[in-house]
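Biologist: Could you take me through one part of this model slowly? I'm new to this, so please keep it friendly and point things out as you go.

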Amino acid sequence: MKCEHCTRKECSKKTKTDDQENASVDVPSPAHENGEKGEFHKLADAKIFLSDCLACDSCVSAEEGVQVSQQNAKDFFRVLNLNKKCDTSKHKVLAVSVCPQSLPYFAAKFSLSVTDASRRLCGFLKSLGVHYVFDTTIAADFSILESQKEFVRRFRRHNEEEPTLPMLTSACPGWVRYAERVLGHPVTPHLCTAKSPQQIMGSLVKDYFARRQNLSPDKIFHVIVAPCYDKKLEALQEDVLTASRGSRGTDCVLTSGEITQMMEQSDLSVRDAALDTLFGDMKEEEVRRHDGASSDGYLAHIFRHAAKELFNEDVGEVTYRTLRNKDFQEVTLEKSGEVLLRFAAAYGFRNIQNVVLKLKKGKFPYHFVEVLACAGGCLNGRGQAQTEDGCMDKALLQKMKGIYTDIPVRLPETSSHVQELYQEWLDGTDSPRVQEALHTAYQGPGHPANSRDIKW
């Protein structure tokens, strides 16, 4: 079938397995090995066709397809079971990092507060044998702070001969892959160079945390729990600022839906536990988020920072104006009838197409655009807000939005841990290590050989 994201080839739709009853995971669960009756006997390898996101099959090589197919519950249980064997040389420290947009899903599914849901999730993962469970909000802090600084730099040096604006966000892997592999120049120079929260979390776990624990990066198996499947592709591109360049920042990505399936099929006795931090025995006692309605809120944070840095204007609540549809919104800073800043949020492929078309024609009035592949934002990721037949679960999504809105907002600038990490981990806020650990470069478009649909 043709999906709305097709640009050249036919894309296939992501669906769950066609035969849920007959599908099974061959790797036995820890509960099964212990003689308990909590076997995950129906954990299916979901058939996922990379399309509904922007990462259509024209962006994915056969080699990448094989690597992505290995990021599933089987791989997760393989490591858990290796840790139960006598050969300790093959044991791994298992660390799981949870995206903040996944937590409202767990809260809605299990009718819990978001803090209680985080404790239930953490307790469940540790009952399986996971050693550490982190929140990726701290990684998003870094990404937002670096994006703020980059926007101000771009704004100050922008001119018609060498335009550096608009700046387009780079946190959504589906959008970034589409921009790199399909659009290329003139779009990629406008992508913010700040790494995504997932990429930064990989470096924090495999570099900073590994050194604190006196571990080699390859002794840590790092899993990300995320709302969308595009994160699986993103994990293939991650590089880590360590001496061991062969170590990927994220070894496996599981969607919120995949984790929920495990939880629903488990009979393990679970004791709730607070999320861990990267700082020794300290715990995350309360969940915090950034100022976005359904995402990490790059637009709101960068808008406030730019207004203050560039025009000495203090902005309180950011007012969004809906334009062509609810997924295309505008924010402006005006003074004496003059528009000083014009920002936009463009979610979903149709809005992205309009942005790209106007950008190519040179008729684009915005200084900054927060771009997300999923209509409705990250909460509506295909890995969680779906019904059994693969459609958007509107009732669940509304419930999740309410839960997410109620989470207290923490400004990245107010995090003492982030400031400590800039000094201890990166040798300051403007050091060469910051550029290497927190920023990236983008490749031009290419057409990988033997591209194909992927199933995992």
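What follows is a close look at the five-stranded sheet and then at some of its surroundings.

Biologist: In what order do the strands of the five-stranded open sheet come? Please stay on that sheet for a while, and then show me what else is worth a look.

Modeller: Sure! Keep in mind that this is a predicted model. The five strands line up as β3-β11-β10-β9-β8, forming an open sheet with mixed pairing. At the edges you'll find β3 (167–168) and β8 (321–325); each has a single partner strand, so one side of each has no neighbour in the sheet.

Let's zoom in on the β3 edge. Its pairing with β11 (residues 368–372) is parallel and is made over two bridges. If you want a residue to click on, try L168: its bridge partner in β11 is V369.

Now look for a helix lying across this sheet. That's α11 (residues 298–311), and it crosses β3, β9 (328–335), β10 (338–347) and β11. Compare its direction with that of β10 and you get an angle of about 165 degrees.

Next, colour the aromatic side chains. One cluster brings together F151, F155, F303, F311, F343 and F368. Going by the numbering, F303 and F311 belong to α11, F343 falls in β10, and F368 belongs to β11. The model's count of aromatic pairs comes to 18. Take Y105 and F106 as an example: their ring centres are 5.7 Å apart and their planes sit at 70 degrees, so this pair is edge-to-face. Both residues are buried, too. For a ring with a charge instead, go to Y404, where the charged end of R289 sits over the ring, 5.2 Å from its centre.

There's another open sheet to check out, with four strands in the order β2-β1-β4-β5 and parallel pairing. Here the edge strands are β2 (132–135) and β5 (252–255), each pairing on one side only. From one strand to the next, the twist averages 25 degrees. Helix α5 (residues 114–128) packs on this sheet and touches β1 (93–98) and β2, making about 150 degrees with the direction of β2. Over at β5, four bridges join it to β4 (residues 220–226), and the two run parallel. V225, for instance, has L254 of β5 as its bridge partner.

Last stop: helix α8 (residues 197–212), which bends by about 30 degrees at L204. Of its 16 residues, 14 are buried, so α8 is largely enclosed by the rest of the structure. After this helix comes N214, with a positive phi near 55 degrees.

Methods. Residues are numbered from 1 along each chain as its sequence is written. This is a predicted model: local features need pLDDT of at least 70, side-chain atom pairs count only at pLDDT 80 or more; totals for chains, interfaces and linings use all residues. Side-chain values use heavy atoms; hydrogens and water are left out. Two strands pair if DSSP finds at least two bridges between them. Contact means heavy atoms within 4.5 Å. Axes are lines fitted to C-alpha atoms, for helices over the stretch in contact, and angles run from 0 to 180 degrees between N-to-C directions. Rings of Phe, Tyr and Trp (its six-membered ring) pair if their centres lie within 6.5 Å; planes under 30 degrees apart count as stacked, over 60 as edge-to-face and the rest as tilted. Buried means under 20% relative accessible area, exposed over 50%, partly exposed in between (1.4 Å probe, protein chains only). A charge sits over a ring if NZ of Lys or CZ of Arg is within 6 Å of the ring centre and within 35 degrees of the ring normal. The bend at a residue is the angle between axes fitted to the seven residues ending there and the seven starting there.
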